[in-house]
Amino acid sequence: TAIVQYRLPPSIDQAACAAHFRKIAAGFRTVPGLIRKQFIHAEDGWAGGVYWWKTRADAEAFYAGPWRDGIRERYGMDPQIKYFDTACITDNAAEAILLPEAAE
């Protein structure tokens, strides 16, 4: 799991951020190794995503590519990226406990 954060410029409010995320969400369906992404934004001007990857190598390859350049261009900063190992997930919508293979 990776948590990515960046500060939005003052010209992008929460409504504009949410609209942009909804516009680009479908493009993440084909990202190699990406299992799930939650698009996040907060009232204090920070935004980003919580990503669940098959491997850290998949995440690092994605973040090193054109995606990072896009963040720099749109938001004027490098994203802050923190990696976590995911031991398990409680998924109430699926009524399941998910146990990623990497945690075994």
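**Close-up views of a predicted model**

**View 1. What comes after helix 3.** Let us start where helix 3 ends: Gly 76 follows this helix, and its phi is positive, near 70 degrees. Please keep in mind that everything shown here belongs to a predicted model.

**View 2. The two faces of helix 3.** Helix 3 spans residues 66-75, and its buried residues are Trp 67, Gly 70, Ile 71 and Tyr 75. These four sit on the same side of helix 3 because they cover an arc of only 100 degrees around the axis. Turn to the face pointing away from that buried side, and you will find the exposed residues Pro 66 and Glu 73.

**View 3. What covers the buried side.** Several elements help to cover the buried residues of helix 3. Among them are two helices, helix 1 (14-24) and helix 2 (56-64). Strand 1 (2-7), strand 3 (46-53) and strand 4 (80-83) also take part.

**View 4. The sheet, strand by strand.** Here four strands form an open sheet with antiparallel pairing, in the order 2-3-1-4. Strand 2 (34-41) and strand 4 are the edge strands, each pairing on one side only. On average, neighbouring strands of this sheet are turned by 15 degrees against each other, direction ignored.

**View 5. Strand 1 beside strand 3, and the helices on the sheet.** Strand 1 and strand 3 run antiparallel and are joined by six bridges. For Ile 3, the bridge partner in strand 3 is Val 50. Helix 1 packs on the sheet, where it touches strand 1, strand 2 and strand 3, and its direction makes about 165 degrees with that of strand 2. Helix 3 packs on the sheet too, touching strand 1, strand 3 and strand 4, with its direction at about 25 degrees to that of strand 1.

Definitions and conventions. Residues numbered from 1 in each chain as written. Predicted model: local features only at pLDDT ≥ 70, side-chain atom pairs only at ≥ 80, totals over all residues. Heavy atoms only, no water. Buried < 20%, exposed > 50% of the residue type's maximum accessible area, 1.4 Å probe, protein only. Arc of directions from axis to C-beta. Contact = heavy atoms within 4.5 Å. Pairing = 2+ DSSP bridges. Axes fitted to C-alpha atoms, helices over the stretch in contact; angles between N-to-C directions.
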